[in-house]
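Hi,

Here's the structure I promised to pass along. Have a look at it first, and my notes on what turned up follow right below.

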Amino acid sequence: MSSLLDRISELEQQLAVLRAEAEKEEKENKRWRAEKRDAYWFVDGDGIPKWWHECSRDIDGFYYDTHNYFQTKEEARKYANVLETERQLKKFADEHNDVIDWSNINQEKWYLYYSYSNYKVGISNHHWTKESRVIYFSSEEIAKQAIDTIGTDKIKEYLTYEW
């Protein structure tokens, strides 16, 4: 009987170690991920939120790794709105910009930002710094037109979205 109690004690210690590892992993991975066979939401290629079951397939990992993986339909809908605003801004820039020459450090390249100090969408420029995921305009006037056309609220949601 003693060896059986020793074995139970051993297993309890192993279980405690595994629980500690699981808790540590949960703290390290702050993003939610569905358990296998549980539902999650994503934005499909048509821009509409859809749900699917986590199956640990490559596509599930792709959606998760690219941050197109949500616990609720509302989160997916917000992401879809942000993607739509980004598409509209890019289209506006494509249709209205003059050529932006990144090798010309004298040319101003205009972009939109959100200021948390005055809670407003603003416009600024760079001459030689190009940042990722920033849509540039060839003039301040075109940037203003983009805001007027697309709307301040939609642009604010896009600029403040946590990618």
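Let me start with D60, which is buried, with a relative accessible area of 0%. Keep in mind that this is a predicted model. What does D60 pair with? It forms a salt bridge with R57, and the closest N and O atoms are 3.4 Å apart. R57 itself is partly exposed, at a relative accessible area of 35%. So the bridge links a partner that falls under the 20% cut-off for buried, namely D60 at 0%, to R57, which sits at 35%.

That is one of eight salt bridges in the structure. As a general point, side chains of opposite charge can pair when their charged atoms come close.

Another one to click on is K91 with E95, where the side chains meet at 3.1 Å, N to O. The two residues are four apart in helix α3, so about one helical turn separates them. K91 is partly exposed, with a relative accessible area of 43%, whereas E95 comes out as exposed at 52%. Elsewhere, salt bridges that share partners tie D44, D46 and K50 into one network. Within that network, the closest N and O atoms of D46 and K50 are 3.0 Å apart. D46 has a relative accessibility of 47%, so it counts as partly exposed, and K50 is partly exposed too, at 27%.

Now for the inside. Which residues of the largest nonpolar core touch the most other members? Out of its 24 residues, they are F70, L89, F92, L112, I135, F137 and I155. Five elements each supply at least two residues of this core: β1 (39–43), α3 (73–96), β3 (109–115), α4 and α5 (152–159). The largest share, seven residues, comes from α3. For background, nonpolar side chains tend to be buried together in soluble globular proteins.

F92 is a good residue to center your view on. It is found in helix α3 and is buried, with a relative accessible area of 9%; that is under the 20% cut-off, so the label follows directly. If you want a distance to check in your viewer, try F92 to E54: they are 38 residues apart along the chain, and their C-alpha atoms are separated by 37 Å.

On the outside, there are two patches to mention.

- Nonpolar patch: L4, L5 and I8 make a surface patch of about 290 Å². L5 is in helix α1, which covers residues 2–28. With 52% relative accessibility, L5 counts as exposed.
- Negative patch: this one is formed by E108, E140, E141 and D148. E141 lies in helix α4, residues 140–150. At 47% relative accessibility, E141 counts as partly exposed.

Helix α4 therefore turns up twice in these notes, because it holds E141 of the negative patch and also supplies at least two residues of the largest nonpolar core. Helix α3 comes up twice as well: it contains the K91 and E95 pair and gives the core its largest share, seven residues.

That's what I have for now. Shout if anything looks odd on your screen.

Cheers

Notes: Residues are numbered from 1 along each chain as its sequence is written. This is a predicted model: local features need pLDDT of at least 70, side-chain atom pairs count only at pLDDT 80 or more; totals for chains, interfaces and linings use all residues. Side-chain values use heavy atoms; hydrogens and water are left out. Patches are made of residues with over 30% relative accessible area and no salt bridge: like charges are joined within 9 Å, nonpolar side chains (Val, Leu, Ile, Met, Phe, Trp, Tyr) within 5 Å. Accessible areas come from the Shrake-Rupley method with a 1.4 Å probe; for residues, only the protein chains shown count as cover. A salt bridge is a side-chain nitrogen of Lys or Arg within 4 Å of a carboxyl oxygen of Asp or Glu. Lys and Arg count as positive and Asp and Glu as negative; His and the chain ends are not counted. The place of a charge is taken as NZ of Lys, CZ of Arg, CG of Asp or CD of Glu. Buried means under 20% relative accessible area, exposed over 50%, partly exposed in between (1.4 Å probe, protein chains only). A nonpolar core is a set of buried Ala, Val, Leu, Ile, Met, Phe, Trp, Tyr and Cys residues joined through side-chain atoms within 4.5 Å.
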